[in-house]
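Q: I have a structure on the screen and do not know where to begin. How should its features be read, one by one?

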Amino acid sequence: MKHHLVLRVITKTLIPPILLFALYVQFHGDFGPGGGFQAGVIFAAGFILYALVFGLETARQVVPAGTLRALVAAGLLLYALVGVASMLLGYNYLDYDALRADDTAGQHLGIIVIELGVGITVAAVMIAIFFSFAGRPPRIKDEDW
Amino acid sequence: MAAVAICIVRLRHLFAVVMLTGVFSLLSAALLVQLDAVDVAFTEAAVGAGISTVLMLGTLTLTVRRERVPDSMPIAPLAIVFITGGALVYGTFDMPGFGDPNAAPHQHIAPDYIKGSEVDIDVPNIVTSILASYRGFDTLGEVGVVFTAGVGVLLLLSSGGIAGRRHGRDPDEDGKDQSQVGEGEAEEEQSGPGQTGKDKG
Amino acid sequence: MLELIVSHYNYWVVIFLMMAGLYIVVSRGNLVKKIVGLNIFQVSVFLLYISIGKVDGGTAPILTGQPEVFSNPLPHVLILTAIVVGVATTALGLALVVRIREVYGSIEEADIQEANAETEYQEATQLEAAQKSEQKSAGAAS
């Protein structure tokens, strides 16, 4: 897709707002529609757009395979560790009242941290799946569609 | 949406089918907004019209473009569909009317969650507060499912991409190793139906 | 009668979509099309549950500080989870389709069943031939 000038320019302009929107949706999930899943998917969509327009190899350099695999596990681990932290402080598993002196503030902190974990895992998994599909040599050439 | 569904049933050019599936997801997202489910509509639009369509197109470049014409009129599936549909319609006569505020699902725990989201958790988005706090364990399981799907796809499709080139030879995967070494050429022409060279483990 | 239709038409529309999805899964042999049918089925199930949760005159379940009637948020939460699980299943199914295509050379169900039957037949005849030659050599040795 190197010769599609309009596509490249527009993509370069659009990808930062897409990633920013994903972060906005992630952290404003408490106040409006949004949350971890939506944010993770939008974040992955930004990277997929980059891979589609600029080539899979460039995208693989931006997100190396080892980092991707680590991120996939890190989000889930973060979520589970919040629950363990609650247990270590004497409350039930995943009881966010434990995290702060004030119950409500503890709930806020707990919700933000686990939504972050969810967002990280979902984004990393979607990017990894796309890279796996796109990394195989295609059987149908572009002209045959 | 019913019209789109019928088109998807009848069409045989798979590219058009995938595109219409994206349209279907987008229309369902619009319908969900009408039904006051904004979070769900957001997720359905992002996931259904975005990721699903991209993955299906990716699959199509790796497989065929057209579906084969079925040989005979499918009587049995039509019969199954009509009988099941009839049974389901019969079942809906007992269900509450559309939008009835006194229906059973709205009585038991939903008012507690709505109140609790304001008083205990102090988070305006009630769906987030239920998802993350009241039903947080389910969300942990869901992230586990996403993780497992990612691991599964990486295991299935990682020929030389994510896992790096393998230098040893696995006895189970003769064809796969050939494709790694000759990446970029036209390979896999030797894998046909009824491969008897494959080890049955 | 008219009242019954007006109060239940949402279920019937959803059931029609569900049956369209089910028809695709049952009757078409192409694996990608089956997965598309499964997706349609899933979306129609989501619509069913969300339409159960709708309250007349309610709004989206986001607190604004004013007392108002909200639509039931519990189905929203369950369906959110279901959507993500659905996309995970679709991704895994499509990965399986790609691998099936590589091994069998086709993604039509009839071809795959034929290839499997042929392999089983060949294996069975090979096993029979091996057993026969074993018996013969055992008979010749004794």
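A: Start with confidence: pLDDT is the predictor's confidence in each residue, from 0 to 100. It applies here because this is a predicted model.

Q: What is the mean pLDDT of chain C?
A: Where pLDDT is low, the predicted coordinates should not be read in detail. For chain C the mean is 85, and 99% of its residues reach 70 or more. Among the elements of chain C, α3(C) has the highest mean pLDDT, 90, while helix α1 (residues 2-27) of chain C has the lowest, 84. The scores for the model are ipTM 0.88 and pTM 0.82.

Q: At what angle do the axes of α2 and α3 of chain C cross?
A: Two packed helices are described by the angle between their axes and by the distance between those axes. In chain C, helix α2 (residues 31-53) and helix α3 (residues 73-104) have axes that come within 10 Å and cross at roughly 180°. The crossing angle therefore makes α2(C) roughly antiparallel to α3(C). The residues of this contact comprise 16 nonpolar, 7 polar and no charged.

Q: How is the length of helix α4 of chain A checked?
A: The expected span follows from a rise of 1.5 Å a residue. Helix α4 (residues 65-88) of chain A has 24 residues and should span 34 Å; its end C-alpha atoms are 34 Å apart, which agrees. Just after α4(A), A:Gly90 takes a positive phi of about 105°.

Q: Which residues of α4(A) are buried?
A: An α-helix has 3.6 residues a turn, so residues three or four places apart point the same way. The buried residues of α4(A) are A:Leu68, A:Val72, A:Gly75, A:Leu76, A:Tyr79, A:Val82, A:Gly83 and A:Ser86. They pack against α5 (103-134) of chain A together with α7 of chain B.

Q: How many helices and strands does chain B have?
A: Chain B has 8 helices and 0 strands. Of its 201 residues, 33% count as buried. Among contacts in chain B between residues at least 6 apart in sequence, 33% join residues at least 24 apart.

Q: How many residues does each chain bring to the contact of chain B with chain C?
A: Chain B brings 81 residues and chain C brings 75. Several helices of chain B each supply at least two residues to its side, including α1 (2-10), α2 (14-34) and α4 (75-92). The most comes from α3(B), with 14 residues. By class, the side of chain B that touches chain C has 49 nonpolar, 22 polar and 10 charged residues.

Methods: Residues numbered from 1 in each chain as written. Chains lettered and ligands numbered in written order. Predicted model: local features only at pLDDT ≥ 70, side-chain atom pairs only at ≥ 80, totals over all residues. Axes fitted to C-alpha atoms, helices over the stretch in contact; angles between N-to-C directions. Helix = DSSP H or I, 4+ residues; strand = E, 2+ residues; numbered from the N terminus. Parallel < 35°, antiparallel > 145°, perpendicular 65-115°, else oblique. Nonpolar A, V, L, I, M, F, W, Y, C, P; charged D, E, K, R; others polar. Contact = placed C-beta atoms within 7 Å. Buried ≥ 20, exposed ≤ 12 C-beta atoms within 10 Å, placed from the backbone. Expected span 1.5 Å × (residues − 1).
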